[in-house]
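User: I am new to this structure and would like a close look at a single part of it. Please take one residue, explain where it sits, and then relate that place to the rest of the chain and to the ligand.

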Amino acid sequence: MSGAGATLEVVPAVLILLGPPGAGKGTQARVLEERFGLVQLSTGDLLRAAVAAGTEAGKAAKAVMEAGDLVSDEIVLAILKDRLLEPDVSKGVILDGFPRTTAQAEALDDLLAATGQRINAAVSLEVDDAAMVTRISGRYTCGGCGEGYHDSFKKPAVAGTCDKCGGTEMKRRADDTAEAVATRLQAYHAQTAPLITYYEGRGCLETLPAMGAIEDVAAALKGIVEQATR
Ligand code: AP5
């Protein structure tokens with residue numbers, strides 16, 4: 001991996017979005033990007049790009065992701081460190097889907113400590129498992145710009161045409177099957193939910209009820225981010 005030994009950017013804000021599959025991490029990260037000029041770093045998106053590019057990491061991750069299991073910490077950390085070397089992260093980052101294990105959280109602490117930085121807030125999006133299946137099964141994204149939509153909750157103004165870029169190629173994810181979603185929820189509860197306690201212990205946990213409409217969750221999140229980045 002190219003990240004070994006290179007210097008990481010110092011970023012002005014570090015926000016973490018925690019939550020099970022379908023909680024709205026990606027949706028809210030995109031709102032925060034527009035609202036605060038921060039950069040969304042989604043390890044899921046980075047891994048899907050690696051799979052699509054056919055890199056060694058992507059080849060190793062493909063079957064694991066399609067089954068709904070977690071990709072190894074080693075692969076995820078290498079991909080994230082490479083991304084953190086790119087200059088745009090100096091605007092501040094929203095970590096979407098990372099960390100997902102205690103080992104990843106500890107590695108992030110080490111990375112930030114090396115550059116004298118801290119986590120402004122780790123926001124846990126609180127949702128019901130049952131609703132997540134509905135959210136995920138109706139999800140699709142624009143193949144051109146990645147804007148997210150939903151069959152019921154967030155339709156484009158013109159069916160089949162992206163509101164943002166005008167693209168007409170819409171995509172659904174390979175791991176949005178009922179079997180993989182069940183495995184992803186299990187992985188969340190077993191390996192990622194313990195991070196809520198981890199960040200509570202570090203004094204940066206914010207809990208956000210996220211069963212409301214997208215705009216209502218975004219409004220509450222705006223207040224949390226304003227407070228945490230003051
Ligand atoms: P990843 O891509 O991170 O997927 P995920 O965590 O399962 O989360 P999702 O992207 O499914 O959900 P989301 O919370 O972003 O919801 P969204 O905003 O899209 O990871 C995929 C895989 O990659 C993992 O299973 C694993 O294999 C691997 N991986 C990734 N990171 C890893 C890591 N750090 N370590 C190890 N492995 C890793 O919303 C869902 C839908 O609901 C959308 O259609 C949206 O429009 C709609 N919606 C959103 N909010 C609302 C609302 N408030 N009301 C109604 N609808 C809403």
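Analyst: Strands here are DSSP runs of at least two residues labelled E, and they are numbered from the N terminus. In this predicted model, the residue to look at is His150, which has its place in strand E6. His150 counts as buried because its relative accessibility is 8%, and the cut-off for buried is under 20%.

The surroundings of His150 come next. Leaving aside residues up to four places away in sequence, His150 touches Thr134, Arg135, Gly138, Arg139, Tyr140 and Lys155. Two of these neighbours also meet the histidine through their backbone oxygens: that of Thr134 lies 3.1 Å from a polar atom of the side chain of His150, while that of Arg135 is reached by the side chain of His150 at 3.0 Å. For a sense of distance across the chain, Lys222 stands 72 residues from His150 in sequence, and the two C-alpha atoms are 22 Å apart in space.

From here the view can widen to the ligand. The ligand is surrounded by 32 residues, and Arg139, one of the contacts of His150, is listed among the closest, together with Thr27, Asp69, Arg100 and Arg184. By type, this shell divides into 13 nonpolar, 10 polar and 9 charged residues. A backbone N or O atom of Tyr149 lies 2.9 Å from an oxygen atom of the ligand, and a backbone N or O atom of Ala23 lies 3.2 Å from a ligand oxygen. In the case of Gln104, a polar side-chain atom lies 2.9 Å from a nitrogen atom of the ligand. On its own the ligand has 1,000 Å² of accessible area, and the protein covers 96% of that. Strand E6, spanning 148-150, is one of the elements that give two or more residues to the shell, alongside helix H1 (25-36) and helix H2 (43-53); H2 gives the most, with 4 residues.

Finally, the whole chain gives the setting for this part. Its secondary structure comes to 9 helices and 8 strands, and of its 230 residues 45% count as buried. Among contacts with a separation of 6 or more, 71% join residues 24 or more positions apart. The chain has a radius of gyration of 17 Å, which agrees with the value near 17 Å for a compact globule of 230 residues, and its C-alpha atoms fill a box of roughly 45 × 40 × 35 Å along the principal axes.

Conventions: Residues are numbered from 1 along each chain as its sequence is written. This is a predicted model: local features need pLDDT of at least 70, side-chain atom pairs count only at pLDDT 80 or more; totals for chains, interfaces and linings use all residues. Side-chain values use heavy atoms; hydrogens and water are left out. A residue is near a molecule or strand if one of its heavy atoms lies within 4 Å of it. A polar contact is a pair of N or O atoms within 3.5 Å; within protein, one must be able to donate a hydrogen and the other to accept it, and residues adjacent in sequence count only if both atoms are side-chain atoms. Accessible areas come from the Shrake-Rupley method with a 1.4 Å probe; for residues, only the protein chains shown count as cover. Ala, Val, Leu, Ile, Met, Phe, Trp, Tyr, Cys and Pro count as nonpolar, Asp, Glu, Lys and Arg as charged, and the others, Gly among them, as polar. The radius of gyration is taken over C-alpha atoms; the globule rule is 2.2 Å times the number of residues to the power 0.38. Buried means under 20% relative accessible area, exposed over 50%, partly exposed in between (1.4 Å probe, protein chains only). Contact means heavy atoms within 4.5 Å.
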